[in-house]
Amino acid sequence: MKLYNTLTRTKRELAPINPGRAGMYCCGPTVYSFAHIGNMRSYLFMDWLRRSLRFSGTEPFSVMNITDVGHLVSDADEGEDKLAKSAREKEKSPYEIAEEYTAAFFGDIDSLNILRPELTPKATDHIAEMIEFVEVLMQKGYGYEISDGIYFDISKFPGYGKLSRLNLDDQQAGARVEVNDEKRHPADFALWKKAPPEHLMQWPSPWGMGYPGWHIECSAMARKYLGDVFDIHTGGVDHIPVHHENEIAQSEALLGRPAVNVWMHGEFLLVDGGKMSKSLNNNYLLSDLAAKGFTPMHYRFFCANAHYRSKLNFTWDAMQSAKVSYSRLIGILQSHKNGEDKVDLDGYLASFTEAVEDDLNIPKALSILWGMARLPQKSKDIYDMAMKFDEVLGLKLGEEPVTQQADGEILALIEERQAARKNKNFARADEIRDLLKSRGIVLEDTPDGARYSYVK
């Protein structure tokens, strides 16, 4: 299995620390809201990596964090905690918010046939490990205390910037990070934040009541469950310049050596050729796709047609094409299911395996499947080999395509609830919300109306 390492900018054969087993850490969700389809592309990449490793004979052991504290509105340690902000706006506790959106997240990845990682630890369950990590960094001289928290001094770590290839000498305060006059360098990052009395989430520490910095969470949990050094760390490309750069600095400062052998990053999902953002009202959820007649498998198939290191442009026309192609592929495979012809498929298996083991070339693997499916013979051998390929692709190729729940009924109930809210009939609005929740549907009220997500 050859994988591209973002740190070295090279593609090399994976050599697991423990032969036959790969330890993986995957950056997981911050559970303050629903995850959008751009987030889901990153988790599909993670899933294809795990499936491909297993297919090639290496069993993955993967850890994916659930961030339920410490991720501030700005990735650069400024602003309000995202969980606390969501809790304040929705008049709930941060723990209620975390529980609601964690359930929604797992419902979404289940619907996409993303295999759950072996471990999904929550940040709030590992505060002691984070405090211990910070204490050691302080003892080693990498941390310093100012009025609002404990910060990592990047000047003490000569390798800072090696993942993103940043030239810190040219980096100006306020470019990617906010100005804090007490910080020794504008890129110094928070290891522990001191909390004001009114802060909704805080714990006792040697530096007073506070909460962990976002970056320390991943380093502490990865070390606990995967050891000092592990094989693979994954995430989106947006994690490279801040989050993962900071993880490298604090982990290597603690250990005195690299903690990760291979860094892997999935590229952005674009929408109509541009950025996905709330301000543009194009950060679509799986429920937005369902409202237009697309199932999670249509979206998975759409993503399978682009390499994880390539940008992928989402359009509704492209989704329609993916829907048609997916249905056609399943139809062709069904035509082989009871076929009696015998076909030699060793060449297809070899080519498929080669594509999968070449840095997860899922689009090429999918094209090899298409070539095999279009053979003129009608053969159960073809169907059975496609099911073997689907151990990697995860497209549920043996199932008849089905539509999500009756969207018309769901949308009618949501519209009725919106009308009830407008007419201040909040009892009926709450009744409809509870009804939908009993059916596994969670609502989120936004300025543009209610959005829904499936929870299993």
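User: What makes R309 count as a charge sitting over the ring of Y4?

Analyst: The charged end of R309 is 4.0 Å from the centre of the Y4 ring. A charge sits over a ring if NZ of Lys or CZ of Arg is within 6 Å of the ring centre and within 35 degrees of the ring normal, so that pair gets the label. R184 does likewise over the face of Y144, at 4.0 Å from the ring centre. Bear in mind that this is a predicted model: local features need pLDDT of at least 70, side-chain atom pairs count only at pLDDT 80 or more, and totals for chains, interfaces and linings use all residues. Residues are numbered from 1 along each chain as its sequence is written, and side-chain values use heavy atoms, leaving out hydrogens and water.

User: Which residues form one aromatic cluster with W316?

Analyst: Y284, F294, Y299, F302 and F314 join W316 in that cluster. The whole structure has 17 aromatic pairs, where rings of Phe, Tyr and Trp (its six-membered ring) pair if their centres lie within 6.5 Å.

User: Why is the protein chain called as compact as a globular protein of that length?

Analyst: Its radius of gyration (over C-alpha atoms) is 24 Å. The globule rule (2.2 Å times the number of residues to the power 0.38) gives 23 Å for 456 residues, and the two values are close, so the description fits.

User: What share of the residues in the protein chain is buried?

Analyst: Buried residues make up 55% of the 456, with buried meaning under 20% relative accessible area (1.4 Å probe, protein chains only).

Notes:
Rings of Phe, Tyr and Trp (its six-membered ring) pair if their centres lie within 6.5 Å; planes under 30 degrees apart count as stacked, over 60 as edge-to-face and the rest as tilted. Buried means under 20% relative accessible area, exposed over 50%, partly exposed in between (1.4 Å probe, protein chains only).
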